Amino acid sequence: MNVFDVNRLTEIKRALFIQPHPDDNEIGAGATVAWLADRGCDVHYLTVTDGRAGSDDPHAAPEQIAAMRRQEHEAAGRILGVSHFHWLGFPDGRLRDTEQLREAMTRVIRTVRPEILFTVDPWLPYEGHLDHIVTGQVAAFCALTSGNPHFFPEHRHQGLAPHAVHAVAFYTTRAPNAFIAADPYWEKKLAAIGAHKSQFSGEYFAFVKEYLTTKAREYAKKADTPWKLAEAFKVLTPVMLHMNVDAAEM
Ligand SMILES: [Zn+2]
């Protein structure tokens with residue numbers, strides 16, 4: 001299968017949303033999380049870093065910030081209908097592409113066995129946060145390799161068979177090729193973002209809501225449907241993620 005039929009998103013039984021930090025899934029794809037869960041899709045979260053840098057207070061203990069953010073991300077995910085939370089706990093702000101990260105992500109993919117991965121678009125022009133670039137790139141690499149028994153062969157002896165995903169949907173993308181109607185789930189998405197109380201409050205939260213709503217209106221227009229609000233994704237199959245000179249335009 002070379003081209004992913006976006007209509008197939010409606011048939012997905014299990015999805016894994018991979019986020020660099022505890023709040024990225026809600027910001028990039030919260031309405032889609034709620035939509036999939038509402039349709040009976042089993043939605044899993046995988047959070048790569050522990051969010052310990054998410055505070056301006058120099059006296060805040062990093063471990064306490066991480067513990068609070070872990071609680072907040074579960075509260076947010078539950079609002080949207082997420083069934084399982086996988087937490088890798090790499091230190092926030094210092095993520096590197098390592099064998100350890102690849103193994104940990106592959107392990108979760110082979111455990112959950114999703115049809116599709118959702119994650120941040122690491123090829124977003126001007127993305128400056130290395131945690132986002134590393135997370136998106138390693139997720140794309142795992143989409144290429146998790147079905148190959150020669151990557152982390154020790155997994156088989158631990159009862160984890162190789163598992164190939166059908167597609168990766170990148171959110172926060174500059175090159176969307178798929179739009180999901182967000183109207184019925186918009187309030188839930190904003191409530192889930194608000195569940196990250198340590199990150200969003202007051203004027204800043206109001207600004208974030210306004211910005212996301214403005215973007216969602218733009219996406220709905222681009223989708224050329226009667227929807228008022230939409231979330232945007234770049235959906236690619238694993239085949240498109242390797243030596244494919246047309247992927248950017250697909
Ligand atoms: Zn982030």
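## A walk from H1 and H6 to H3 and H4

Start by selecting helix H1 (residues 24–38) together with H6: the two pack at an angle of about 135°, with their axes 8 Å apart. That angle makes H1 oblique to H6, and the crossing is right-handed. Keep in mind as you go that this is a predicted model.

Now show side chains where the two helices meet. On the H1 side, pick Glu26, Ile27, Gly28, Ala29, Gly30, Ala31 and Ala34; on the H6 side, pick Trp186, Lys188, Lys189, Ala192 and Ile193. Colour that contact by class and you should get seven nonpolar, two polar and three charged residues.

Stay there and centre on Lys189, which belongs to H6, the helix running over residues 186–194. Is this lysine buried or exposed? With a relative accessibility of 2%, Lys189 falls under the 20% cut-off, so it counts as buried. Which backbone atom does its side chain reach? Draw a distance to the backbone oxygen of Glu26 and you'll read 3.2 Å.

Next, bring up everything around Lys189. Setting aside residues up to four places away in sequence, it touches a run in H1, namely Glu26, Ile27, Gly28, Ala29, Gly30 and Ala31. Beyond those, Lys189 also touches Leu80, Leu212 and Glu231.

Slide along the chain to Lys197, in the loop between H6 and helix H7 (202–223). Here is a lysine to set beside the last one: Lys197 has a relative accessible area of 64%, so it is exposed, whereas Lys189 is buried at 2%. While you're here, pick the C-alpha atoms of Lys197 and Ile27: they are 170 residues apart along the chain and separated by 14 Å. Ile27, remember, is one of the H1 residues that meet H6.

Second stop: helices H3 and H4. Select H3 (residues 99–112) along with H4 and look at how they cross, at roughly 55°, with axes that come within 10 Å. H3 is therefore oblique to H4, and it passes H4 in a right-handed crossing.

For the residues that meet, take Leu101, Arg102, Met105, Thr106, Ile109 and Arg110 from H3, then Val134, Thr135, Val138, Ala139, Phe141, Cys142 and Thr145 from H4. Sorted by class, this contact holds eight nonpolar, three polar and two charged residues.

Centre on Thr135 in H4. How accessible is Thr135? Its relative accessibility is 0%, so it counts as buried. Leave out its neighbours within four places in sequence, and Thr135 is in contact with Ile18, Gln19, Pro20, Val48, Leu95, Met105 and Thr119. Met105 in that list is one of the H3 residues you just selected.

To finish, look at two backbone spots. Go first to Phe152, in the loop between helix H4 (130–145) and helix H5 (154–157). Its phi is near 55°, a positive value in a residue other than glycine. Phe152 has 12% relative accessibility and so counts as buried.

Then jump to Met243, in the segment after strand S7 (230–236). Phi is positive here too, near 55°, and again the residue is something other than glycine. Is Met243 buried or exposed? At 78% relative accessibility, Met243 counts as exposed.

Key
Residues are numbered from 1 along each chain as its sequence is written. This is a predicted model: local features need pLDDT of at least 70, side-chain atom pairs count only at pLDDT 80 or more; totals for chains, interfaces and linings use all residues. Side-chain values use heavy atoms; hydrogens and water are left out. Buried means under 20% relative accessible area, exposed over 50%, partly exposed in between (1.4 Å probe, protein chains only). A polar contact is a pair of N or O atoms within 3.5 Å; within protein, one must be able to donate a hydrogen and the other to accept it, and residues adjacent in sequence count only if both atoms are side-chain atoms. Contact means heavy atoms within 4.5 Å. Axes are lines fitted to C-alpha atoms, for helices over the stretch in contact, and angles run from 0 to 180 degrees between N-to-C directions. Angles under 35 degrees count as roughly parallel, over 145 as roughly antiparallel, 65 to 115 as roughly perpendicular and the rest as oblique. A crossing is left-handed if the near helix is turned anticlockwise from the far one by less than a right angle, and right-handed if clockwise. Ala, Val, Leu, Ile, Met, Phe, Trp, Tyr, Cys and Pro count as nonpolar, Asp, Glu, Lys and Arg as charged, and the others, Gly among them, as polar.
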